[in-house]
Every structure is written in structure tokens, then in C-alpha cells.
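Got your viewer open and a selection tool ready? Let's take a short walk through this model, one stop at a time.

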Amino acid sequence: MALLDRFAGPHEAYRVGFYRGDDHDFDVRILLGMAAYGATEPGEVLATIADVSDGDHQGWFDAWNDLGRRLTVAAEAAAAAGHSESASRLHLRAASYLGTALHGVDALADQSVLLPVFRAQQAAWNAFIDTTSVTTERLSIPLGDITIPAVLFSPSGDDGARRPTLVMVNGSDGATSDLWASGLAGGLARGYRVLVFDGPGQQTLLFEQGIPFRPDWEAVVTPIVDLLLDRSDVDPERLALYGISQAGYWVPRTLAFEHRFAAAIADPGVVDVSESWLSHFPKSLVSLLDRGEKERFDHEMELGMRVRRRPRRQLVVPCPPVRHAGLLRHDDRGAEVHDHGRAGRADHHTAPDHLTRTGAVLARAVRAARPAHADGVDPLPLHQR
């Protein structure tokens, strides 16, 4: 069924949405917006969704996965023929489409496709990094007993001069390649160096190493700042921080502790990270949570997920340990969050891979992680300090 056949008029899609379901409609709008920076192509997007119906999660995944893999083949053929610019652009679009497929995995019954599609997406993104005309440098940043994978992008023909630098923090489940259209390309065009990375709970560290989120995101960003300020090509007076989606919480949290940024953007700003999560729950379910009835909460949540099959990523919250999917019924032995009251922080809990949290424990944990005040530090805008 053609997409527009489901609407009353020929242009209704542009007014009421491409899909009645919020998830797919949101993704289509994002993909079309990314076209301005070459990360997608509108014709490819519209042709791909033409025969994917509302609620067809398998069809959605298959369509984007197939498109991404076809473009990867085309990119490799272009590279073999010596067409490096065409190859680079194809790799970038392939990474975007495979990222959309990855985003849709958690709505599937078969979760075994997650790693294969993630690795295909990473291969496309890395191929773009290797073939793009801008200057790139891969970095490994120590964080305790793990290493953060990062890439520093610099404008084409960079001469090593001291430049303003933007650190970009991704959200909870977006592909790292999505940041190209969220500010990376724009920063490069304006003379910035731009650093992107996978932190705990994100992409490579999550899928390949099983490392979960941590709420004390300043512990993640501070080593990155240290590394950048040790470089002669980074202007220490013009360091900026950007965070999208889930990072709308992490950025304000970071700024309460890390004061070396001259400017920051939280897109969107999050004061209470629990609001966007708990606001979707019926009052009866919230009451169970408030009364501490963990078993009943988990039972009702599981029943609700069976009746209304929504993507499980809606249960991803900034409290470790969190995986991409399957958060509903898990063993929570030893996984306790320590509420720091007015400080609004939760201790980072490192647990073995088999220890994950029940829905009730996650909900209580997310309420504890509020970036209001931290150790008496008022997170005012930097220009007011």
C-alpha cells in the first residue's frame, strides 16, 4: 500500500505525519532533515517508506537494513573505480540508514540481528571517516579500566592552527553517525574542530563490551577535556559542549562539575529525567511504584507491553546497568541506587553482565538522577559564574 493512500488528501503526510505511530513518523522526519548535510537523500527515504505500513516493525527494519547494505555495496564499487567522493557520500548515507535499522531492532521479536546490523553500520561509518575530505583522527581516551573510542574531525586542509572545538554527546540509542547532521558538519563548516565519542551505555561500549550507562557523566567528559586541552591545536578559551536527546540530561549534569567549557547546548534541556519516562505511565502504575510494590509493578508493566507492543527503547533510562532492550523482567540482585537527596545524584553501580534491573528498580533510580544541585554547586549558565 502506497504511503499517501492512507490519508485523505495528497499532501496530508506533510501536515499530520508520515505515520500515525509516533516512532516511525519521528524517524522519517529526522531522516529528511539529515538530507541537508548529505547524510540522507529524500528520494531514497520516501521510496523506502512507500510500502512499509504502520506497525510493521519487521518491514521497517528490513527496508532500512536492505537500503543501507545496498549503498555499502555501491560505495565499495565507487571506491574500487577511484571515485572517492562518491564512495564517501554513499558510506555516510549507508551509515544513516543502517542506524535507522538499528534503532528499530528493539521492536523486533528476534533480537539476534542487533549485533550484525550494528557492525554493518559501524563499518559504513568508519569507511566514511576513512574517505571523507575533512581531516579525521581516531583517539582512545582512558576512563578507569575502559577506553572511550573517539574521533576528532577538523576542517579540510587543516593547518594545525588553534581552533575552537566542539565536544558532541550523543543520546541513549542514536548511532554516532547521526551526529554528522546534528552539528558535526555545521561545526566543521564554521572552522571548528569537533570530537564525537561513544561513552558508557552507547553504541560500541554497549553492544560490543556490555558497558552500561552511568549517571555521573562529568566523569566521562572530564578526561576528554583534559586530552583536548593538552593539544596545541585546540583553543582552551573556546571549548563548547553539545548534547542531544538523553544528553540533554548529561550536559547539565556535566556542567555542574566541569567548568572549562565556554558554551554549551542541551538539546533539549532536561531538569528531571524521570518526567519524560513516568508521564507515559497510568496513575495506577505510578501509585504501585510510589508504594514500593515492585513485583506488581513489573507484572503490570509486562502485561501492558504484551498488549501494546511499543519499542522497548522507551524504557532506556540513565541508570546503570541498562541494555538496548529487554529491561522488563530482570534479576536486580545487588543493583541498588543510592539517593543523594538534594544533590540529585545516583552512585554509579558496576554490576556483572547478568545483573540487570527490574522495571521498578529502574523507575526509582531514574527519579534519583536529577541534575538540580551537585555538592552545593549551582549550575548557572557559564557566563554568570
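Before the first stop, a quick definition: a helix axis here is a line fitted to C-alpha atoms over the stretch in contact, and the angle between two axes runs from 0 to 180 degrees between their N-to-C directions. Two packed helices are described by that angle and by the distance between the axes. Keep in mind that this is a predicted model.

**Stop 1: H2 and H3**

Select residues 22-34, which is helix H2, and then residues 42-49, which is helix H3. Their axes lie 9 Å apart, and the helices pack at an angle of about 160°. That makes H2 roughly antiparallel to H3, since angles over 145 degrees count that way. Turn the view and you'll find H2 passing H3 in a right-handed crossing.

Now show the side chains where they touch. On the H2 side, pick Val28, Leu31 and Leu32; across from them in H3, pick Pro42, Val45 and Ile49. What classes of residue make up the contact of H2 with H3? Six are nonpolar, with no polar and no charged residues.

**Stop 2: H5 and H6**

Next, select residues 84-103 for helix H5 and residues 114-131 for helix H6. These axes come within 8 Å and cross at roughly 155°. H5 and H6 are therefore roughly antiparallel to each other. The crossing of H5 past H6 is left-handed.

Light up some of the contact residues: from H5, try Ser88, His91 and Leu92, among others, and from H6, a set including Phe118, Gln121 and Trp125. The contact of H5 with H6 divides into 14 nonpolar, five polar and no charged residues.

**Stop 3: strand S4**

Leave the helices and select residues 193-197, which is strand S4. Is S4 buried or exposed? Five of its five residues are buried, so S4 is largely enclosed by the rest of the structure.

In a regular strand the side chains alternate between the two faces of the sheet. Color Arg193, Leu195 and Phe197 for one side of S4, and Val194 and Val196 for the other: both faces are covered.

**Stop 4: the neighbors of S4**

Add strand S2, residues 146-154, which pairs with S4 in the antiparallel sense over four bridges. Then add strand S3, residues 163-169, which pairs with S4 in the parallel sense, over four bridges.

Finish by zooming in on valine 194 in S4. Phenylalanine 153 has valine 194 as its bridge partner, and leucine 166 stands opposite valine 194 too.

Definitions and conventions
Residues numbered from 1 in each chain as written. Predicted model: local features only at pLDDT ≥ 70, side-chain atom pairs only at ≥ 80, totals over all residues. Heavy atoms only, no water. Helix = DSSP H or I, 4+ residues; strand = E, 2+ residues; numbered from the N terminus. Parallel < 35°, antiparallel > 145°, perpendicular 65-115°, else oblique. Left-handed = near helix turned anticlockwise from the far one by under 90°. Contact = heavy atoms within 4.5 Å. Nonpolar A, V, L, I, M, F, W, Y, C, P; charged D, E, K, R; others polar. Buried < 20%, exposed > 50% of the residue type's maximum accessible area, 1.4 Å probe, protein only. Pairing = 2+ DSSP bridges.
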